[in-house]
Amino acid sequence: MKGDLPRWAIVSEKRRAHIERVVTLLDTWAQRMNLPATEVEAWRDAGWWHDALRDADEGTLRAITGDVERPTNMLHGLAAAARLADEGEPRADVLEAVRWHTFGHADWSRTGRALYMADFLEPGRQFMQADRAFLASIVPDAFDAVFRQVVRMRIEWTVREGKALAVETVGLWNSLR
Ligand SMILES: [Fe+2]
């Protein structure tokens with residue numbers, strides 16, 4: 001299963017292209033940071049798996065997660081992590097990265113933080129392209145500073161759109177101030 005989508009993935013072609021760009025960005029950072037092979041692999045797998053259920057329907061997502069309250073489009077990370085854990089994936093950092101990638105989480109290791117940044121900074125997204133490309137280019141040298149900036153940008157967008165902030169997101173921001 002490593003190094004690709006899980007067999008139970010439900011993703012469109014467009015989504016798959018996004019996932020591949022996220023993995024490429026994570027790999028680029030990991031190489032430039034000279035990370036140990038185990039961490040390179042953890043980042044890559046988190047990238048491959050984070051959106052594996054992004055195009056699953058609401059019934060599927062609620063059945064897997066048991067969640068009846070969160071918005072449907074926020075459930076795919078929780079659902080993918082639940083499937084991976086069911087299948088015996090043992091790495092807590094990978095599971096937590098996938099589980100919380102939509103919300104952010106204060107207790108994340110570097111794997112979760114890297115995935116959260118890559119998901120936002122990958123070059124296929126159409127907004128703020130110059131700013132995001134610059135941030136992506138400095139992640140290996142300024143990992144923590146860029147992470148904080150990405151959290152801030154994502155929260156600002158959420159508030160501007162009038163959407164609710166999850167408690168996990170608020171907890172992450174309060175841990176970074
Ligand atoms: Fe994603």
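## Asp119 and its neighbours

Let's start with Asp119, whose side chain meets that of Arg125 in a salt bridge, 3.2 Å from N to O. Keep in mind that this is a predicted model. The two partners sit in different exposure classes: Asp119 counts as buried because its relative accessibility is 6%, under the 20% mark. Arg125, at 29% relative accessibility, counts as partly exposed.

Asp119 turns up again at the metal, where its OD atom is one of the protein donors of the iron ion.

## The iron site

Which residues donate to the iron ion? His18 and His50 do so through NE2, and Asp51 and Asp119 through OD, with the donors lying 2.1 to 2.3 Å from the ion. Along the sequence, the donor residues follow the spacing H-x31-H-D-x67-D. The two histidines link distant parts of the chain: His18 belongs to helix H1, while His50 is in the loop between helix H2 (37–49) and H3, and 32 residues separate them. Both His18 and His50 are buried.

Now for the geometry. The four donor atoms subtend angles of 83 to 160° around the iron ion, so the arrangement comes out as irregular. To see why tetrahedral is ruled out, note that this label needs all angles between 85 and 135 degrees, and the range of 83 to 160° runs past those limits. For reference, ideal angles are 109.5 degrees for four tetrahedral donors.

## Salt bridges elsewhere

The structure holds 16 salt bridges in total. One of them joins Arg16 to Glu20, with the closest N and O atoms 3.1 Å apart. Both residues lie in helix H1 (residues 13–32), four residues apart, which is about one turn of the helix. How exposed is this pair? Arg16 counts as partly exposed, with 24% relative accessibility, and Glu20 is partly exposed too, its relative accessible area being 35%.

Another salt bridge spans a long stretch of sequence. Glu168 and Arg70 meet through their side chains at 3.0 Å, N to O. Glu168 lies in helix H9 (residues 167–176) and Arg70 in the loop between helix H3 (58–65) and helix H4 (76–86), so the pair ties together parts that are 98 residues apart in sequence. Glu168 is buried, having a relative accessible area of 15%.

The Asp119 and Arg125 contact is a salt bridge as well, at 3.2 Å. Through shared partners, salt bridges also join Glu58, Arg62, Asp67, Arg70 and Glu168 into one network.

## Aromatic rings

How many aromatic pairs are there? The count comes to six aromatic pairs. One of the pairs is Phe120 with Phe127, which is tilted: the centres are 5.6 Å apart and the planes make an angle of 55°. Is each partner buried or partly exposed? Phe120 counts as buried at 10% relative accessibility, whereas Phe127 counts as partly exposed at 37%. Trp108, Tyr116 and Phe147 form one aromatic cluster.

## Charges over rings

Phe127 has a charged neighbour as well: Arg132 lies over the face of its ring, 4.7 Å from the ring centre. Arg70 makes a contact of this kind too, with its charged end over the ring of Phe103 at 4.6 Å from the centre. That puts Arg70 in two roles, since it is over the Phe103 ring and also in the salt bridge with Glu168.

Notes: Residues numbered from 1 in each chain as written. Predicted model: local features only at pLDDT ≥ 70, side-chain atom pairs only at ≥ 80, totals over all residues. Heavy atoms only, no water. Salt bridge = Lys/Arg side-chain N within 4 Å of Asp/Glu carboxyl O. Buried < 20%, exposed > 50% of the residue type's maximum accessible area, 1.4 Å probe, protein only. Donors = N, O, S within 2.8 Å, 3.2 Å for Na, K, Ca; no water. Tetrahedral: all angles 85-135°; square planar, octahedral: opposite > 155°, others 65-115°. Phe/Tyr/Trp six-rings, centres within 6.5 Å; stacked < 30°, edge-to-face > 60°. Lys NZ or Arg CZ within 6 Å of the ring centre and 35° of its normal.
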